[in-house]
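Q: I have a structure on my screen and would like to learn how to read it. Could we go through it together, one feature at a time?

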Amino acid sequence: MNRLTWIPRYPMHRKMLALVIMVTLVMMVSFLGALGARRENLGTPIVWDVNGHAYEVVDQHLSWPSARDFAASQLLMGVPGHLATITSAEENDFVVSVINAFESSQGVQHNLLWLGGEQIPHNAPNPAEDWTWITGELWSYTNWAPGEPNDAAGGEYYLAVYGSGNPNSSKGTWNDDFLGEGNTGFIIEWSPARPADITGPDGVPDGCVDAFDLGALLAAWCSVAGGNPCGTCFP
Ligand SMILES: [Ca+2]
Ligand SMILES: [Ca+2]
């Protein structure tokens, strides 16, 4: 009787072969699963070392809601993205540097790129009021282009930042924009959870999560009744 030559003759060896096949299948399924979760857009996110967040320009013409959903579907080390939120002049400068890097490497000039700002409710009477960040961060810093926000076309409920491709507006300034506008892309930000910057050597947050923050955390932990699971505090 013919016999498949790759099948071991002895039961123990057959069990080992079955184990190897099973492990291989599990690894293949895991690998394919990882591929399915990979980021679909090309390019390399750039990390801002001030907050540890990563940013990337996506060169796709999508409506603001579609860009929002696309960003949320993009995982970076297991963290879903969101349309970028800009809460300081320093972050705006960094986002401009990300735009610059993308435009120079790809040889393109973007007109407008969606950000994660939306005016809610949409029928707000004042174009400058009721703006919110998609992440729930405090809306405080703004960098509107001159004359913006103006709701010029009506329905300008969505936030966009100018790239190099608009001759009338400075790169990095903002525009309230409508769904039908010719936005040429959007910016994704990944905001992984990280320990809070509680304090610095002078007692105020210093933009760095370091030993000062750990010390403040431990001090607060011991000072809160019942906060120390060991029931004692270090002197
Ligand atoms: Ca942000
Ligand atoms: Ca506008």
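Q: Which residues of α3 are buried?
A: Keep in mind that this is a predicted model. To judge burial, we count the other C-beta atoms within 10 Å of a residue's own, and 20 or more make it buried. In α3, the buried residues are N92, F94, V95, V96, V98, I99 and F102.

Q: What covers the buried residues of α3?
A: Look for the strands beside them: the cover includes β1 (46-48), β2, β6, β8 and β10.

Q: How far apart are the end C-alpha atoms of α3?
A: A helix can be checked with a simple ruler of 1.5 Å a residue. The 18 residues of α3 should therefore span 26 Å, and the end C-alpha atoms are indeed 26 Å apart, so the two agree. Just after α3, have a look at G107, which takes a positive phi of about 65 degrees.

Q: Which residues have the most contacts inside the largest nonpolar core?
A: That core has 31 residues, and those with the most contacts inside it are L83, V95, L113, W114, L115, A160 and I187. Two or more residues each come from β2 (53-58), α2 (64-73), α3 (89-106), β6 (112-119), β8 (158-162) and β10 (185-190). The largest share is that of α3, with 6 residues.

Q: What is W114 in contact with, apart from its neighbours within four places in sequence?
A: Its partners are W64, A67, L83, Y158, A160, N183 and F186. Two of these names, W64 and A67, will come back in our next helix.

Q: Which residues are buried in α2?
A: They are W64, A67, R68 and A71. Because these residues cover an arc of only 105 degrees around the axis, they sit on the same side of α2. On the other side of the helix, P65, D69 and S73 are exposed.

Q: And what do the buried residues of α2 pack against?
A: They pack against β5 (82-83), β6, β8 and β10.

Q: Let's try one residue in a strand. Is I46 buried, exposed or partly exposed?
A: I46 lies in strand β1. It has 16 other C-beta atoms within 10 Å, so I46 is partly exposed.

Q: What does I46 touch, not counting residues up to four places away in sequence?
A: I46 touches A54, Y55, E56, V98 and A101. You can also compare sequence with space: I46 and V57 are 11 residues apart in sequence, and their C-alpha atoms are 9.5 Å apart.

Conventions:
Residues numbered from 1 in each chain as written. Chains lettered and ligands numbered in written order. Predicted model: local features only at pLDDT ≥ 70, side-chain atom pairs only at ≥ 80, totals over all residues. Core = buried A, V, L, I, M, F, W, Y, C linked by C-beta atoms within 7 Å. Buried ≥ 20, exposed ≤ 12 C-beta atoms within 10 Å, placed from the backbone. Helix = DSSP H or I, 4+ residues; strand = E, 2+ residues; numbered from the N terminus. Contact = placed C-beta atoms within 7 Å. Arc of directions from axis to C-beta. Expected span 1.5 Å × (residues − 1).
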